[in-house]
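Reader: I am new to protein structures and would like to learn how to read one. Could you walk me through it, feature by feature?

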Amino acid sequence: MIVIVGLGPGTWGQLSVEAGEALQSAKNLWLRTAVHPTVEALRERGIAFVTFDEVYEQAASFDDVYQHIVDRLLAEKEVTYAVPGHPLIGERTVELLLAEAEKRNIPTKVIPSMSFVDVIWPALGISGDGVQLVDALALECDQLQPNQPYLLMQVYNRLVASELKLRLMNCYPDEHEIVVVRGAGIPGWQRILRVPLYRLDNLDWLDHLTSVYLPPVAPGTHYDLADLVTVMKRLLGPNGCPWDRKQDHHSLKKYLVEEAEEVLGAIDSGDMDHLCEELGDLLLQIVFHAQLAAEEGYFNIHDVIKAITTKMIRRHPHVFGDVSADNVETVLQNWEEIKRAETREHTSHSALRRAQWVQQSARNFGFDWPDVYGPAGKVFEEIGELVSALGNGSEEDRQREFGDVLFALVNLGRFLNIDPEVALSQTVERFEQRFQRMEEKAMGLGKTLGEMSLEEMDVLWEEVKEEEK
């Protein structure tokens with residue numbers, strides 16, 4: 001039998017009656033830590049106990065500490081385990097202990113006392129409604145929504161505070177005001193201070209009773225995906241934008257392609273601020289299509305996110321499952337096998353991109369040229385067949401041979417590590433820029449390109465190319 005008792009926020013009076021009785025009658029009492037104000041009351045009452053404080057000093061990580069505690073307690077026949085506050089609020093060891101005890105059919109009993117949050121709200125002068133509790137030791141910035149309030153627990157010391165500060169400053173302003181609370185509700189211990197986020201680890205009085213209240217940021221200073229969806233709903237609503245309301249999936253296709261191409265251009269430029277902006281433009285197109293589908297009753301942005309998340313987990317069993325993949329080749333082979341097992345058809349990709357995937361899939365099975373000279377020779381062979389079809393082939397023959405040339409070029413690009421979509425996009429952009437310079441030069445001569453002969457335009461074209469060099 002395992003009895004788990006809450007020690008309350010810090011005084012004997014904050015214990016529940018049942019918790020006090022359980023502590024006084026315990027024959028084999030273990031404390032997660034003796035570094036807690038209530039422990040002094042145990043000593044005054046002559047209650048014997050053993051602690052796990054030595055484990056904290058010796059273990060390499062908190063995960064190791066927690067696992068050691070659970071293993072040690074499960075080795076006892078009858079044990080009472082006491083933890084600060086309420087056993088089911090912010091106590092990772094209790095979570096692990098209850099889960100493992102259930103697996104082993106070991107009976108457990110949880111005896112609660114007041115939680116530390118019960119005394120923090122009055123100390124802060126807030127109700128606590130809507131405030132989410134987060135373990136500071138396991139915090140990931142992407143799990144936070146800065147327009148929501150949080151209480152960060154277990155800010156044990158300045159080292160934890162420093163790591164916490166650096167994570168928070170990735171998604172909060174450096175000057176964002178936070179509230180540091182130590183020993184809430186405990187006479188002589190309580191201390192509350194409002195400081196800017198960047199000063200969190202400057203405080204030298206942080207200890208095991210310290211938490212951080214993280215208020216929401218000011219309106220208009222943080223936006224997330226939900227905000228973008230809300231904006232899109234407004235634009236498509238009855239009093240929204242007339243242009244947006246006229247669009248459908250087909251009319252938006254060209255903008256989706258344009259935004260994707262601009263993302264590629266931003267990547268090539270190396271300008272990360274520009275890339276950030278262009279990724280936002282591309283994301284808008286995805287949200288636009290998802291909201292159109294939602295209003296038509298097909299799916300919404302959450303369905304899109306669920307579908308791709310499920311797919312990524314399914315296609316990476318070597319990360320999320322028990323499949324072994326020690327190298328890139330094995331990963332690609334697993335990926336292709338999973339794709340073939342999936343029943344959904346994917347037909348909306350560009351032909352160049354599909355050619356890449358088909359060729360890569362064939363390569364994974366060993367159906368490929370031994371070196372780059374094979375696909376290079378194939379390009380010349382296919383061009384020869386296309387030239388032959390120009391003279392005596394039908395329109396269908398010419399189209400087929402032209403497709404063979406493109407397919408062969410994509411294959412050559414694969415050997416040269418050249419993305420055909422990117423290469424063609426860059427060439428089109430280069431042509432557009434050159435043609436624009438030709439128009440400017442023609443205007444400088446008092447003409448338009450339409451008024452010039454082919455020979456005159458060729459001269460301008462060569463001039464533009466020479467200027468590029």
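Author: We will go from the overall shape to the sheets, and then to the spaces inside.

Reader: Where do I start, and how many helices and strands does the protein chain have?

Author: Start with what kind of model you have: this one is predicted. The protein chain holds 19 helices and 10 strands. Its radius of gyration is 33 Å, well over the 23 Å that the globule rule gives for 469 residues, so the chain is more spread out than a compact globule. The C-alpha trace spans about 105 × 55 × 45 Å along its principal axes.

Reader: Now the sheets. What is the order of the strands in the sheet with parallel pairing?

Author: To read a sheet, go from strand to neighbouring strand across it, not along the sequence. Here you meet S3-S2-S4-S1-S5, an open sheet of five strands with parallel pairing. The edges are strand S3 (50-51) and strand S5 (108-111); each has a single partner strand, so one side of each is left without a neighbour in the sheet.

Reader: Which residue stands opposite Trp30?

Author: Look at Val50 in S3, which is opposite Trp30. Strand S2 (residues 29-31) and S3 run parallel and are joined by two bridges. You can also find a helix against this sheet: helix H5 (residues 92-103) lies across strand S1 (2-6), strand S4 (79-83) and S5, and runs at about 150° to S4.

Reader: What is the order of the strands in the sheet with mixed pairing?

Author: That open sheet also has five strands, in the order S6-S7-S10-S8-S9. At its edges stand strand S6 (132-135) and strand S9 (191-196), each with a single partner strand, so one side of each is left without a neighbour in the sheet. On average, neighbouring strands of this sheet are turned by 25° against each other, direction ignored.

Reader: How many bridges join S8 to S10, and which helix packs on the sheet?

Author: Strand S8 (residues 177-182) and S10 run antiparallel, with four bridges joining them. One pair to look for is Arg182 with its bridge partner Thr210 in S10. The helix is H6, which packs on the sheet and touches S6, strand S7 (150-153), S8, S9 and S10. The direction of H6 makes about 130° with that of S7.

Reader: Let us turn to the spaces. How many residues line the second largest pocket, and which lie nearest its centre?

Author: For a pocket, ask about its volume, then about what surrounds it. The second largest pocket has a volume of about 820 Å³. Its lining has 40 residues, with Arg32, Gln154, Tyr156, His208 and Leu209 nearest the centre. By class, 23 are nonpolar, 12 polar and five charged. Helix H7 (158-168) is among the elements that each supply at least two lining residues, and H7 gives the most, with five.

Reader: How many cavities of 30 Å³ or more are there, and which residues line the largest cavity?

Author: A search of the whole structure finds one cavity of 30 Å³ or more. About 40 Å³ of space lies in the largest cavity. Its lining consists of Arg32, Tyr56, Tyr66, Gly90, Glu91, Arg92, Thr93, Gln154 and Tyr156. These divide into three nonpolar, three polar and three charged residues.

Technical notes
Residues numbered from 1 in each chain as written. Predicted model: local features only at pLDDT ≥ 70, side-chain atom pairs only at ≥ 80, totals over all residues. Heavy atoms only, no water. 1 Å grid on protein atoms, 1.4 Å probe; cavity = no way out; pocket = protein on both sides within 12 Å on 5 of 7 lines; lining within 4 Å. Points joined across faces, edges and corners; volume = space filled by probe spheres on them. Nonpolar A, V, L, I, M, F, W, Y, C, P; charged D, E, K, R; others polar. Pairing = 2+ DSSP bridges. Axes fitted to C-alpha atoms, helices over the stretch in contact; angles between N-to-C directions. Contact = heavy atoms within 4.5 Å. Rg over C-alpha atoms; globule rule 2.2 N^0.38 Å.
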